[in-house]
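Good morning, and thank you for coming. Please keep the structure on the screen in view while I go through a few of its residues and helices.

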Amino acid sequence: MPDKTLADSSRAGAGATERAEAPPKRWWILAVVAIAQLMVVLDATIVNIALPSAQTDLGFSDGNRQWVVTAYALAFASLLLLGGRIADLFGRKPAFLVGVVGFAAASALGGAANGFTLLVVARALQGAFGALLAPAALSLLNTTFTDARERARAFSVYGAIAGAGGAVGLLLGGVLTDALDWRWTLYVNVAIAVVAFAGGWLLLGSHRDAADARLDVPGTVLVAAGLFGLVYGFSNAETHDWDSPLTWGFLIAGGLLLAAFAWWQTRAAHPLLPLRILLDRDRAASFLAVLITGAGMFGVFLFLTYYLQLNLGFTPTKTGVAFLPMVGALMVTAQAGTTMLLPRIGPKAVIPLGFGIATAGMAWLTGIGPGSHYLGAVLPQLIVIGVGLGLVMPPAMQLATGGVAAEDAGVASATVNAMQQVGGSIGTALLNTLAAGAATDYLSGRDAGSELVRARATIESYTTAFGWSAVLFGAGAVIAFLLYRRGVPRQDAGAAPVVHM
C-alpha cells in the first residue's frame, strides 16, 4: 500500500510538473499559429482588391462576381464546427498540417484558374480547408499556453491578427495586384503555407484529447446546413433583396436547422458542441462580442475602401497603407488589454470600454464629405477605432476559449471563428442594404444626372453605414456590460488544459 501511495504521488507530481513547466518552444508555436491564422484572415479581403482585375481577365459578369467571395464564406462558416471537432478527435497537429496543405493547394488552383467556375471551386476549397485550419490553430494556443500571463500575451498577438488581418489583406492585395498580377493574391498563400507547414511539422506534437469520443454525424449535418442557410441568406440579401424567397427562405431554414441542432445537442451521446461550452456566462458574452465586432468592422473595411479609392482617388496599395495606423493602434491596445487591463479590472470594464471607444470612432467617421482629406477626416478616426477594437477582440477571444477542457478546445475555437464569420455576413447584408437605401433616399427629388448630387448620394451611403456600425458597437458595449461577470476572470483549475508536446 505505501508503494502504491508513493506511485500515485509521483504520478500526481508529474502531472503538476506537466502543467507548470511549459515547453520552451511555445513561443515558436505561437509564431507558427500566427502565420497560419494570418493566411486564413488575409483571404477574407486580399482577393477583394483583385476582383476587378480577375473579372477583366476571366470575363465573368458583375452578377457572378459575388460568388468569388461568397463561395469561400459559405464553405468556411458551414464546416467550422466539424473542423474543430476533427481537431479534437484526431489530433491538432494532423488537422493543422492537412489544413495548411489543403489551403495552399486550393490557393494554387485558384491562382491558375482559366475560368470563373474553377476560381469559385478553388475558393470553396479554400474555405473548407480554412475551416479545418482556423480552429486547430486557435485551440493550439489554448492547450499550449497555460500560464495566465503568457496566455494573455499569446492571445493578444492572435487577437490582433484576427482583428487587423483584413486591413493587412487590403494592403497586400493592393501591392500584389499593382506590382504583379491578381493571381498572386492567391499564390502568396503557398509561400506562407510552406513556412507554417515546416514549423508545424517540427514543433507540434501529436495528441488526441477527445480520442474516446465519436463524431456526432446528425449534429454535424444540422449545424453545417444551418450555418450554410444563414450565410447564404445574408449573402443573397446583399445582392438581391430582403423580400426575395431565396433570402428569407434560407434565413428561416437556417434558423430552424440551428434550433434543431441545439435540441439534438441536449440528447446526443457525443455532442458536436457540448452545451457546457455555451452556458458559461463570460464565454457566451465573448461569443456575442466577437459576432458584433465582425458585423461592425465590415463598415470600416468595405465602405472606407470605397471612399478612399473612388472619392479620394487612392490606388489599391495606397488604400492598404491608409489602414496601417488602425492596425498599429489595434496591436498596441491588444497587448495592453489582455496582459494589463483584463487581469486587473476584468472584462466587464475592458470590453465595454473598447466597444465605447470604437463607437466614438465610427460616429466621428460619419463627418466625411466630398472635399474631406485623409489626414483630417479619416486618420484620427481610424486610430480611435483601432484602439477600441484592440480592447475587444483579443480579450473576447481569450475568454471565449479560456477554461475549456482540452477535449473541447477545438470545437470552442471553431465556435469563435463561426461567430466572427456569421457576424461578417450579417454586417455585409445589413450595412449594404442600409447604405443602398440611404443613397436612393438622397437622390429622391434631386437631379440624379448631376455629378455633384451623385457624389453626395454616395457619401450619404458611406456615412449611413458608418453610423449603423457605430450603433452595432454601441449595442455591443451595452450587451457586454450586462452579461460579463464582475471581477477578474478565473480559469477553472479542473478545466485547465494540459500541454501535450
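I begin with glycine 200, which is found in helix 8. Please bear in mind throughout that this is a predicted model. Is glycine 200 buried or exposed? Its relative accessible area is 0%, which means that glycine 200 is buried, the cut-off for that term being under 20%. Which residues cover it, once its neighbours within four places in sequence are left aside? Glycine 200 is in contact with Val32, Lys93, Phe96 and Leu97. A further pairing concerns isoleucine 29: it stands 171 residues from glycine 200 in sequence, yet the two C-alpha atoms are 7.5 Å apart in space.

At the other end of that helix, let us turn to threonine 185, which also has its place in helix 8, residues 184–203. Threonine 185 has a relative accessible area of 0% and is therefore buried. Where does its polar side chain find a partner? A polar atom of that side chain lies 2.6 Å from the backbone oxygen of tryptophan 182. Beyond the neighbours within four places in sequence, threonine 185 is in contact with Asp43, Ile46, Val47, Ala50, Gly173, Leu176 and Thr177.

Now the helix as a whole. Its 20 residues should span 28 Å at 1.5 Å a residue, and the end C-alpha atoms of helix 8 are 29 Å apart, so the two values agree. The buried residues of helix 8 are Thr185, Leu186, Val188, Asn189, Ile192, Ala193, Ala196, Gly199, Gly200 and Leu203. When reading such a list, recall that an α-helix has 3.6 residues a turn, so residues three or four places apart point the same way.

For a second helix, consider helix 17, residues 379–390. Its twelve residues reach 17 Å from the first C-alpha to the last, close to the expected 16 Å. Buried positions in helix 17 include Leu379, Leu382, Ile385 and Leu389, together with Gly386, Gly388 and Gly390. Gln381 is buried as well.

Leucine 310, in helix 12, offers a contrast. Leucine 310 is exposed, because its relative accessible area is 65%, and the cut-off for that term is over 50%. Its C-alpha lies 9.8 Å from that of alanine 455, with their positions 145 residues apart in sequence.

Helix 12 brings me to the interior. The largest nonpolar core has 132 residues, of which Phe96, Leu304, Ile351, Phe355 and Ile368 touch the most other members. Helix 12, residues 281–311, gives the largest share of this core, with 13 residues. Phe96 has already appeared as one of the contacts of glycine 200.

Next, the chain overall. How many helices and strands does the chain have? There are 20 helices and zero strands. Of its 501 residues, 56% are buried. Among contacts between residues at least 6 apart in sequence, 84% join residues at least 24 apart. The chain exposes about 19,800 Å², with carbon and sulfur atoms supplying 67% of that area.

I close with confidence. The average pLDDT of the chain is 78, and 84% of the residues score at least 70. Among the elements, helix 15, residues 347–365, has the highest mean at 93, and helix 1, residues 2–20, the lowest at 41. Over residues 1–20 the pLDDT is below 50, and this stretch has eight contacts beyond near neighbours in sequence. Residues 492–501 are likewise below 50, with 29 such contacts in the model. Where pLDDT is low, the predicted coordinates should not be read in detail.

Key:
Residues numbered from 1 in each chain as written. Predicted model: local features only at pLDDT ≥ 70, side-chain atom pairs only at ≥ 80, totals over all residues. Heavy atoms only, no water. Helix = DSSP H or I, 4+ residues; strand = E, 2+ residues; numbered from the N terminus. Buried < 20%, exposed > 50% of the residue type's maximum accessible area, 1.4 Å probe, protein only. Polar contact = N/O pair within 3.5 Å; in protein donor to acceptor, adjacent residues only side chain to side chain. Contact = heavy atoms within 4.5 Å. Expected span 1.5 Å × (residues − 1). Areas by Shrake-Rupley, 256 points an atom, 1.4 Å probe, with all protein chains shown as cover. pLDDT = per-residue confidence, 0-100. Core = buried A, V, L, I, M, F, W, Y, C linked by side-chain atoms within 4.5 Å.
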